[in-house]
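Me: I should like to go through the terms used for this structure and the grounds for each. Please set every value against its definition.

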Amino acid sequence: QFHLLRLQSEEMRRMASLDILTGVYNRRYLVERANQILADERNHPAWVVVLDLDHFKTVNDQHGHATGDRVLQAIGALFRGAFRERDVIARSGGEEFVLLLGRRSGDELLAELERLRQRIEQLSPEGLPITASIGAASHLGHAVAGFEGIFESADRAMYRAKELGRNRVVLAGTWTRRSHTAA
């Protein structure tokens with residue numbers, strides 16, 4: 001009976017850490033794990049990535065919240081299995097996702113995020129054109145900032161991606177880098 005209780009407890013903990021809509025982790029789990037993961041990766045490049053779906057309010061306003069939910073579910077399904085087992089992918093709220101990705105050089109990260117951006121653009125969930133603005137910052141440039149400081153840098157990079165025209169990847173400190181040129 002103790003074994004059954006332990007399994008039930010583990011399952012409840014797992015369920016409490018997931019976003020019910022998308023199936024990725026939730027913000028609470030992200031915050032709980034972030035500093036530990038960054039500390040574990042202190043000698044390797046690790047990244048905080050902020051990904052925001054472009055013009056998502058328009059999806060909800062024009063097509064309804066049920067459609068918006070299905071779009072978010074499709075994005076969550078795209079994320080699941082697209083990253084390494086140690087990585088943490090979380091929905092931080094609304095149409096914003098935060099990724100904690102370890103052991104990648106800047107070039108590796110940029111290539112991976114560009115592929116992700118393209119996959120989102122090609123997905124067309126519910127037949128709708130969906131794009132994402134993505135910002136990333138490394139913990140290597142933030143020796144004592146902790147997760148919140150790195151998150152702020154990644155968030156600023158994501159907003160810079162939006163300012164540059166959306167549907168692109170920007171690494172913190174590389175404001176002129178364009179990863180996507182509109183057709």
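Me: Why are helix 4 and helix 5 called oblique to each other?

Reply: In this predicted model, local features need pLDDT of at least 70, side-chain atom pairs count only at pLDDT 80 or more, and totals for chains, interfaces and linings use all residues. Residues are numbered from 1 along each chain as its sequence is written, and side-chain values use heavy atoms, with hydrogens and water left out. Helix 4 (residues 65-79) packs against helix 5 (residues 106-123) at about 140°, the axes lying 11 Å apart. Angles under 35 degrees count as roughly parallel, over 145 as roughly antiparallel, 65 to 115 as roughly perpendicular and the rest as oblique. Helix 4 and helix 5 are therefore oblique, and their crossing is right-handed (the near helix is turned clockwise from the far one by less than a right angle).

Me: What makes the contact between helix 4 and helix 5, and how does it divide by class?

Reply: Contact means heavy atoms within 4.5 Å. Helix 4 supplies Ala74, Ile75, Leu78 and Phe79, and helix 5 supplies Leu116, Arg119, Ile120 and Leu123. By class, this contact of helix 4 with helix 5 has 7 nonpolar, no polar and 1 charged residues. Ala, Val, Leu, Ile, Met, Phe, Trp, Tyr, Cys and Pro count as nonpolar, Asp, Glu, Lys and Arg as charged, and the others, Gly among them, as polar.

Me: What makes helix 2 roughly perpendicular to helix 6?

Reply: The axes of helix 2 (residues 27-40) and helix 6 (residues 146-163) come within 8 Å and cross at roughly 100°. That angle makes helix 2 roughly perpendicular to helix 6. Leu30, Ala34, Asn35 and Leu38 of helix 2 meet Gly146, Phe147 and Ile150 of helix 6, a contact of 5 nonpolar, 2 polar and no charged residues.

Me: How do you know that the buried residues of helix 3 are on the same side?

Reply: Phe56, Val59 and Asn60 are the buried residues in helix 3 (buried means under 20% relative accessible area, exposed over 50%, partly exposed in between, with a 1.4 Å probe and protein chains only). They cover an arc of only 90° around the axis, which puts them on the same side of helix 3; the arc is that of the directions from the helix axis to the C-beta atoms. The face turned away from this buried side carries the exposed residues Lys57, Asp61 and Gln62.

Me: What do the buried residues of helix 3 pack against?

Reply: The buried residues of helix 3 pack against strand 2 (46-53) and helix 4.

Methods:
Axes fitted to C-alpha atoms, helices over the stretch in contact; angles between N-to-C directions. Helix = DSSP H or I, 4+ residues; strand = E, 2+ residues; numbered from the N terminus.
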